[in-house]
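Trainee: I would like to learn how to read side-chain contacts and strand pairing in a structural model. May we work through one case together?

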Amino acid sequence: MPRLLPLRISIKDCLVLVILIIFNTIHITDMANNNMDIQSKEKKVKDDTADKGLSFNEMEEEYLKSCPYSDKENISLCSSLLYPCISCDRSIDCRYGEFCNYNCTVKPKVLCSGTKTFNKTAMCRFCYQTETWEHRCEQKANCNSLASPLNYYLTNCTVSDDIICLGRRRFLKKIRCSWTAGTRWGTALLLALTLGGFGADRFYLGHWQEGIGKLFSFGGLGVWTLVDALLIGIHHLGPADGSLYI
């Protein structure tokens, strides 16, 4: 019966083997991540297109719904058109706050009179640098407008069509939580002064538990009534949903 010799592996061989295993694992992981990224990007593009129910050609011509392209009797000047009927570009070498010329071009299939390439004068700034009244933001009603310190949230904002600016016309902005559900400050104060002893002001503001306690304690023998009237008067006590008075 042959005698088996013991297998000898040096430390150097072990290190080489470990390094090869590590590099092989990293390579396989990178390939898997790249494939997942490509698949996720393709899926996102397909899903976005499917959700809108538009092909790529239809998406490119979506602006025609708000631009003149068929009414030949009421054709306006090309230079008077606004976004999205035109696209205006300029290099970012201008100085912020200065007025400069933007090269504007009428988009395909849009009907207008005059040259379809013209210049418009506007301030040099990015779209996210526009003033509050120059863009509209999506308001959210799931935050507390009366919190201290003040609450802020990120939301999507879109520049008005008559504003010319650099960069994307739709951007994220951090704005203060400020919304109302239609609760009137005058009504709440009137209820606090007249029917506060029965908790009518608390019920009106949505504080049901405090309203029940106020009702069965007859307004805390008048003390609670006066305190609530004072808190409502100085806008310290507001609606329970976190909204503002109107």
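**Reading contacts in a predicted model**

Mentor: Let us begin with the status of the coordinates: this is a predicted model.

Trainee: How should I read salt bridges, and how many does the structure hold?

Mentor: Side chains of opposite charge can pair when their charged atoms come close. The structure holds 6 salt bridges. One of them joins K214 to D201, with the closest N and O atoms 2.9 Å apart. K214 lies in helix α5 (residues 208-216) and D201 in helix α4, so this pair ties together parts that are 13 residues apart in sequence. Both K214 and D201 are buried.

Trainee: Which residue does R202 meet in a salt bridge?

Mentor: R202 meets D228, at 2.9 Å from N to O. This pair links distant parts of the chain, R202 being in helix α4 and D228 in helix α7 (residues 223-233), 26 residues apart. R202 and D228 are both buried. Moreover, D201, R202, K214 and D228 are linked in a network of salt bridges.

Trainee: Are R90 and D93 buried or exposed?

Mentor: R90 is partly exposed, at a relative accessible area of 31%, whereas D93 counts as exposed at 61%. The two form a salt bridge whose closest N and O atoms are 4.0 Å apart.

Trainee: How do I read aromatic pairs, and how many are there?

Mentor: One considers the distance between ring centres and the angle between ring planes; planes under 30 degrees apart count as stacked. The count here comes to 2 aromatic pairs. F126 and Y128 are stacked, with 5.7 Å between centres and 15 degrees between planes. F126 is partly exposed, at 31% relative accessible area, and Y128 is exposed, at 51%. F203 and W208 form a tilted pair, at 5.2 Å centre to centre and 50 degrees between the planes.

Trainee: Where does the charged end of R169 sit?

Mentor: The charged end of R169 sits over the ring of Y83, 4.1 Å from the ring centre.

Trainee: Which side chains of strand β1 are buried?

Mentor: In a strand, one asks which face each side chain points to. Along β1 (residues 86-89) the side chains alternate: I86 and C88 point to one face and are buried, while S87 and D89 point to the other and are not. β1 pairs with strand β2 (residues 99-106) in the antiparallel sense over 4 bridges, and I86 stands opposite V106 in β2.

Trainee: Which residues make the nonpolar surface patch?

Mentor: L195, F198, I212, L215 and F216 make a patch of about 500 Å². L195 is found in the loop between α3 (185-194) and α4 (200-205), and is partly exposed at 40% relative accessible area.

Conventions:
Residues numbered from 1 in each chain as written. Predicted model: local features only at pLDDT ≥ 70, side-chain atom pairs only at ≥ 80, totals over all residues. Heavy atoms only, no water. Phe/Tyr/Trp six-rings, centres within 6.5 Å; stacked < 30°, edge-to-face > 60°. Buried < 20%, exposed > 50% of the residue type's maximum accessible area, 1.4 Å probe, protein only. Lys NZ or Arg CZ within 6 Å of the ring centre and 35° of its normal. Patch = residues over 30% accessible without salt bridge, like charges linked within 9 Å, V, L, I, M, F, W, Y side chains within 5 Å. Areas by Shrake-Rupley, 256 points an atom, 1.4 Å probe, with all protein chains shown as cover. Salt bridge = Lys/Arg side-chain N within 4 Å of Asp/Glu carboxyl O. Helix = DSSP H or I, 4+ residues; strand = E, 2+ residues; numbered from the N terminus. Pairing = 2+ DSSP bridges.
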